[in-house]
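Here are some exercises to work through with the model open on your screen. Try each task before you read its solution.

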Amino acid sequence: MIPEELRTIELNRLKAKARQKQREHVESSSERNANQKRPLEVTPATSNSPTRPEASKPLKRDSRLGSYFEYDLSKMVNSKGGFLVEDGKEVDEDMRAKERQRERERAMQNVEPPIYLDPILNAKCRECQNVDIDYTFRKVFGCLVCNTCKEKYPEKYSLLTKTECKEDYLLTDAELRDRELLPHLLKANPHKSTFANMMLFLRLQVEDFAWKKWGSPEALDAEWERRVEEKKKKKNKKFEESLRDLRRRTREGIWQRRKNQEHKHVFGTAHRTEDGHDRQVCHECGFTVDVRTDQAEHSKISTSLEVEQIDNNLFRSVSLFVPMRSKGVFGGQVISQAIVSATQCVNPAFGLHSIHCYFLLSASPAVPIIYYVERLREGRSYSTRGVKAVQSGKAIFMLLCSFHAPEPWQPSYQWPMPDAPKLEDCELEEDLFRRRAMQSGIDKRLKEIYLTYATERANGPIAVRRVPWNVKESNDTVASTYWMQARTGRSESYEVPYQKCILAYMSDLNFIAVAADTLKLRRFATGPDALAMNSTLDHSIWYYDDNFCCEDGLLYVVSCPLAGDGRGVVHGRLYSRSGTFVAVTCQEGVVRADRRGPEPQAKL
């Protein structure tokens, strides 16, 4: 009988025995004793009695163990195919047969060839003619040699690693990977099991191939010496370069330490002294600088707009001007110098048509301003430039300007120039301030302010003349009007790009006066109706004509449509003497009265 039949018989016998025990148990529980009572016994779990014991519940699986599969290993059968199957499931006999066939084939490949009784049929060692040939050498390298000769002649039959072949015989990876040129034996890496297998080569075959490649052992030695010498030169060159770099960094470090040890002045805001000069004092060393330099330097517009080119797209201011009662450099000068820097970094065929700028921090006249020009866009009709003004490592001003190729053939339209007297018929602001200062009964302090303003206007690069009456707009808005004329000190006029820079300088004048007059704030007084603080936040200009001359004079019509919350907006229009609408401006700034807000309440 086969084992399966014996197993089936044994299972049937055990099942029959279990049924017999159960039947005997039922019969004994139904019989009664002499007192007509059933014997005491345990109520089975299968009974319907309420006293029956409850069946034990299986233990719940611990959720921390994760998902897994349960197998009964006692019922598993080895399929001989690399996996286990449960008892009772069919096993693919064809697969098992194929696997056994592959095992036999692998075993036949590793079996050494037989030794024949006829000595002529047996392979012999190439050194000693012994028939005990090393099977591995014969199979991998095709070399007939016995184990004794392998150990006796290591200069021929020793094995070389891939690294030794590359370093000693100057062979390449491609040559060593080619099994037809150089067969190799693969062995596990002895240093670490995870490393790639070692490639071992027969010294005899490597030398034969190397002599053919280089011509002779002497030629191989000469090439090896040449490469060694070249490696030494490269190593020495790299060492010299690193040494030079170390010396350079050492010199720079010493220079930087000396530079850091130098004192850098930290100036505060400008203060007016008794002699009428504005000075700034260094907080650390007490050094004093006169920030109001000789005003003759700023009497010409060319001096105010002059910048020095340091590098490509990098410029530096030459002189800076601080107006009276101002905390920093005049904003119009910063705008115009930034436009001059951007104009030098654009195609001359393009003309400036618009700017948009923001004032971030007030600028000190004691330190030059650096202008960084960024080329943002190069188009066929428009080019865009960005300018960032930096002083003492901080960004103080940002400008975005656009240049446009002229298109005079396009249709045009403009608002007409308002009625205004001629430039020569209007009074200069310096004369107006002097006349007010000479009035009888004027306060001494106010008189000094008028005279200072008159001196500043007389020495400034822009001559400002006030129109005696205000212009009434179509929407009943009252606009202030000024004639502005650049003082160039030269007979000929500047070119159009420079004229637009001068216009930008002009556009920032009298902004505070218009906003303060709209809010009815007094500029030269104290109290809740006095002007306490003013500064420019942002400024925009749109140019619409190139045929104008700032030296000839421009009419500036300015109105304040909105002011409040400590800020004011001013719109402006500039016309040439011939009535041509030249540019539109829009400016926003801080305009605060001398008033304090409610004190914040302390939190309990």
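A strand here is a DSSP run of E with at least two residues, and strands are numbered from the N terminus. Keep in mind that this is a predicted model.

**Exercise 1. Get an overview of the protein chain.**

Task: Find how many helices and strands the protein chain has, and what share of its residues is buried.

Solution:
- Start with the secondary structure, which comes to 15 helices and 22 strands.
- Next, take burial: the protein chain has 604 residues, and 33% of them count as buried.
- Then turn to the outside, where the accessible surface is about 40400 Å². Carbon and sulfur atoms hold 51% of that surface.
- Last, check the contacts with a separation of 6 or more: 58% of them link residues 24 or more positions apart.

**Exercise 2. Explore the second largest pocket.**

Task: Work out which strand gives the most to the lining of the second largest pocket.

Solution:
- First the space itself: the second largest pocket holds about 800 Å³.
- Now go round its lining, which is made by 23 residues. Glu-407, Ser-412, Tyr-543, Tyr-544 and Asp-545 are the ones nearest the centre.
- Sort the lining by class and you get 12 nonpolar, seven polar and four charged residues.
- Look for strands that supply at least two lining residues each: E11 (351-359), E19 (531-543) and E22 (581-593) all do.
- E11 comes out on top, giving three residues to the lining.

**Exercise 3. Trace the pairing from E18 to E21.**

Task: Follow Leu-555 in E20 and say which residues stand opposite it.

Solution:
- Begin with E18 (residues 478-486) and E20 (residues 554-564), an antiparallel pair joined by five bridges. Across this pair, Trp-483 faces Leu-555.
- Move on to E21 (residues 567-575), which pairs with E20 in the antiparallel sense over eight bridges. Here Leu-555 has Tyr-575 opposite.
- Put the two together: Leu-555 stands opposite Trp-483 and also opposite Tyr-575.
- Finish at the turn, where the hairpin of E20 and E21 has two residues between the strands. Asp-565 in that hairpin has a positive phi near 60°.

**Exercise 4. Do the same for E9, E10 and E12.**

Task: Find where Asn-313 sits, and then which strands E10 pairs with.

Solution:
- Asn-313 is in the loop that links E9 (307-311) to E10 (314-317). Its phi is positive, at about 65°, although the residue isn't a glycine.
- That loop belongs to the hairpin of E9 and E10, with two residues between the strands.
- E9 and E10 run antiparallel and share four bridges, with Gln-309 opposite Phe-315.
- On to the other partner: E10 also runs antiparallel to E12 (residues 370-378), through three bridges. In this pair Arg-316 stands opposite Ile-370.

**Exercise 5. Decide on burial for three residues.**

Task: Are Phe-403, Leu-170 and Leu-428 buried or exposed? Then describe the surroundings of each.

Solution:
- Use the cut-off: a residue is buried when its relative accessible area is under 20%, and exposed when it is over 50%.
- Phe-403 has 1% relative accessibility, so it counts as buried. The residue lies in E14 (residues 394-404).
- See what Phe-403 touches beyond four places in sequence: among them are Ala-342, Val-346, Phe-350, Leu-352, Tyr-382 and Arg-385. Gly-351 is another of these contacts, and although it is 52 residues away along the chain, the two C-alpha atoms are separated by 5.1 Å.
- Leu-170 has 6% relative accessibility and therefore counts as buried. You'll find Leu-170 in the loop between H6 (162-168) and H7 (173-177), with a positive phi near 60°.
- Leu-428, in E15 (residues 427-428), has 16% relative accessibility, so it is buried too.
- Leaving out residues up to four places away, Leu-428 touches Ala-463, Val-464 and Arg-465. Its C-alpha atom is 8.8 Å from that of Arg-457, a residue 29 positions away along the chain.

Terms used: Residues are numbered from 1 along each chain as its sequence is written. This is a predicted model: local features need pLDDT of at least 70, side-chain atom pairs count only at pLDDT 80 or more; totals for chains, interfaces and linings use all residues. Side-chain values use heavy atoms; hydrogens and water are left out. Two strands pair if DSSP finds at least two bridges between them. Buried means under 20% relative accessible area, exposed over 50%, partly exposed in between (1.4 Å probe, protein chains only). Contact means heavy atoms within 4.5 Å. Accessible areas come from the Shrake-Rupley method with a 1.4 Å probe; for residues, only the protein chains shown count as cover. On a 1 Å grid over the protein atoms alone, a cavity is a set of points where a 1.4 Å probe fits but cannot get out, and a pocket is an open set with protein on both sides within 12 Å along at least five of seven lines; lining residues have an atom within 4 Å of a point. Grid points are joined across faces, edges and corners, and a volume is the space filled by probe spheres set on the points. Ala, Val, Leu, Ile, Met, Phe, Trp, Tyr, Cys and Pro count as nonpolar, Asp, Glu, Lys and Arg as charged, and the others, Gly among them, as polar.
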